[in-house]
Amino acid sequence: MQFHHHGYVSGDPRVQPASGVGLDRPAELPDEVDVLIVGTGPAGMLTAAQLSRFPGVTTRIVERRPGRLVIGQADGIQARSVETFQAFGFAERIIAEAYRITEMAFWKPDPADHSRIARAARTPDDPTGISEFPHLIVNQARVLDYFAEYMANAPARMSPDYGYEFRSLDIGDGDYPVAVRLARTSGPEEGQVRVVRARYVVGADGARSKVRESIGCTMAGDQAHHAWGVMDVLAVTDFPDIRTKCAIQSGAGGSILLIPREGGHLFRMYVDLGEVAPEDHGAVRSTTIEQIISHANTILHPYTLDVRNVAWHSVYEVAHRLTDRFDDVLPDQRGTRTPRVFITGDACHTHSAKAGQGMNVSLQDGFNLGWKLGHVLEGRSPASLLATYSAERQVVAKNLIDFDKEWSTMMAKKPEEFANPSELEDFYVSTAEFPAGFMTQYTPSMITAEPVHQHLAAGFPIGKRFKSAPVVRVCDGNPMHLGHHATADGRWRIYVFADAAAPETASPPIEHPTPGQTPGQHAPPSSVSGFAEWIANSPESPLAATPSGADRDTWFDVKVIYQQDHTNVDIGAVPAAFKPSVGPFQLTDYEKVYATDPAADIFELRGLDRGGVVVVVRPDQYVANVLPVGATAELAAFFAPLLLLRETRELPTEA
């Protein structure tokens, strides 16, 4: 974490200086806003948290509840989400309070007595090392608390506006074309309706979304006609794996998915209530908690479950539904106008809860959309950027639903219906990368390049998330993960993986000459030097779009990674492009220069070409382009459609 560059900081460095709209943020909801977010679920709160880093953008988030969520229904935090929390600065704290999943146990009917269950297998949760971050269980309410803290400490000083319910919206003309009707749900003004006008609206208002309804999106899908009771409980039991995630299949029929919760005592059970007749018309939802507990005891035989306290319970039927689009642009309008209203999370995709995907995919919806709104509203990028949200995220949601159909169907099967006794655990292991959140790969678009030079960085597939790896920071010798230095600040990342030459005027003498070279001859200077000169000074460089008066790394975070050990990198010889001057005192930032970690060479780990390669990463951590170091014209061409070049730009002044 960097601070002091604006002067000495004696308090909590997570509290950033207020600026822009954060300098005099009105307590009451204004009549006009740039972005109005409806709903404080995971997608809405992450979108708001990201926009809180754009102090020139007026963002408000409304919620019909009178205050914060107390008990959340979602609890599974996949590794991709923890990576995201790292970008927002609270991964370490939430890991400390969460339950960590390291393995999963599979229980099946005892071959000697099918009336009893017996442990059949244990499988590691992440057998291939997909991420350095763990798979966690923690109450959704705590996730929302951390995002609320982040936005309150950000330059825009945001906080939710509780007690407002969305009623309807109309899209017209003018600077604030979306008119939103909101009703007060609590306090002395309860029942009163007011209109707030917005440039953009984000509907994060859940599966029964009124924002979705207001823009005419339709949910299509099917009902699985299978019911599950879910309960968060404190109980005494002789079941030996009560603190291990378990898939339990009984011979008597029925299954349980057991998920231990944070805090050491609480756990969640998804209890199979069986098939639901089409003519049931929701009657199964009246199943009592006593009936759910009784059914759980039947499945757990010969073990018993004595429930002492119920924190929360519900009954649901599995349904898989997806909207036809994630914004207000109708199919026949595509290419003729840009969207004004967006839907995220459960408002556009619903599925079972057992794969732990709802909150995780919703978070990535918000991450995808938030920075795009910020870039458009600050004048960094054209409004056409916003069309990529629906195009990218709808495909992800479709893949999720296809996966969840298979997983939830398998969980509902009876043991005798499996062709292979180990089919369930084999599926869990073989598909681990998908639920962990790492199978998403965005296709070519204005922000994701064609994989022309992919061979130069095989371990950083274009369109997939930037998979971090160990490096050593040159200035202080600290080992760290390269990706962990990328915060959710809305900046593009340009990682320059240097050729074999050290950062000097000339490279060392050639030991193994190629035709035309002689031993002892000096090779040409590092290609990184030419790149550094271009990106710092060329009018074609993306850095040329930086607002006048702002630090050169305000919009683009440019880092260099050398192949040498850090002790063999002369930081004084590193080009100035990688040591920008920052803050009012124009202090030198030394934390953008890295070397390889001798114990885990990033060039080997990620298949990086030793001749040098540039990897461009989007603000939401997805790889956007891979280029040779000398391909500056291609880099300029990639960013040209994304940058609204203007002679004069100004950013909000910090306090």
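This report looks at a helix pair and a sheet in a predicted model.

## Helices α8 and α9

Helix α8 spans residues 387-412, and helix α9 spans residues 423-430. The two pack with their axes 10 Å apart. The angle between them is about 155°. Angles over 145 degrees count as roughly antiparallel, so α8 is roughly antiparallel to α9. Their crossing is left-handed.

Which residues make the contact? From α8 come Phe403, Glu406, Trp407, Met410 and Met411. From α9 come Glu423, Leu424, Phe427 and Tyr428. By type, the contact residues divide into 7 nonpolar and 2 charged, with no polar ones.

## The open sheet

Elsewhere, strands build a sheet. It is open and has 7 strands. Their order is β20-β19-β25-β22-β21-β26-β27. The pairing is mixed.

Which are the edge strands? They are β20 (479-481) and β27 (623-627). Each of these pairs on one side only. From one strand to the next, the twist averages 30°.

## Strands β26 and β27

Strand β26 covers residues 613-617. It runs antiparallel to β27, and 4 bridges join the two. Within this pair, Val617 stands opposite Val623 of β27.

## A helix on the sheet

Helix α10 (residues 527-537) packs on the sheet. Which strands does α10 touch? The helix touches β21 (492-497), β22 (556-562) and β26. The direction of α10 makes about 155° with that of β21. Strand β26 therefore has two roles in this picture: it is joined to β27 by 4 bridges, and it is touched by α10.

Definitions and conventions
Residues are numbered from 1 along each chain as its sequence is written. This is a predicted model: local features need pLDDT of at least 70, side-chain atom pairs count only at pLDDT 80 or more; totals for chains, interfaces and linings use all residues. Side-chain values use heavy atoms; hydrogens and water are left out. Axes are lines fitted to C-alpha atoms, for helices over the stretch in contact, and angles run from 0 to 180 degrees between N-to-C directions. Angles under 35 degrees count as roughly parallel, over 145 as roughly antiparallel, 65 to 115 as roughly perpendicular and the rest as oblique. A crossing is left-handed if the near helix is turned anticlockwise from the far one by less than a right angle, and right-handed if clockwise. Contact means heavy atoms within 4.5 Å. Ala, Val, Leu, Ile, Met, Phe, Trp, Tyr, Cys and Pro count as nonpolar, Asp, Glu, Lys and Arg as charged, and the others, Gly among them, as polar. Two strands pair if DSSP finds at least two bridges between them.
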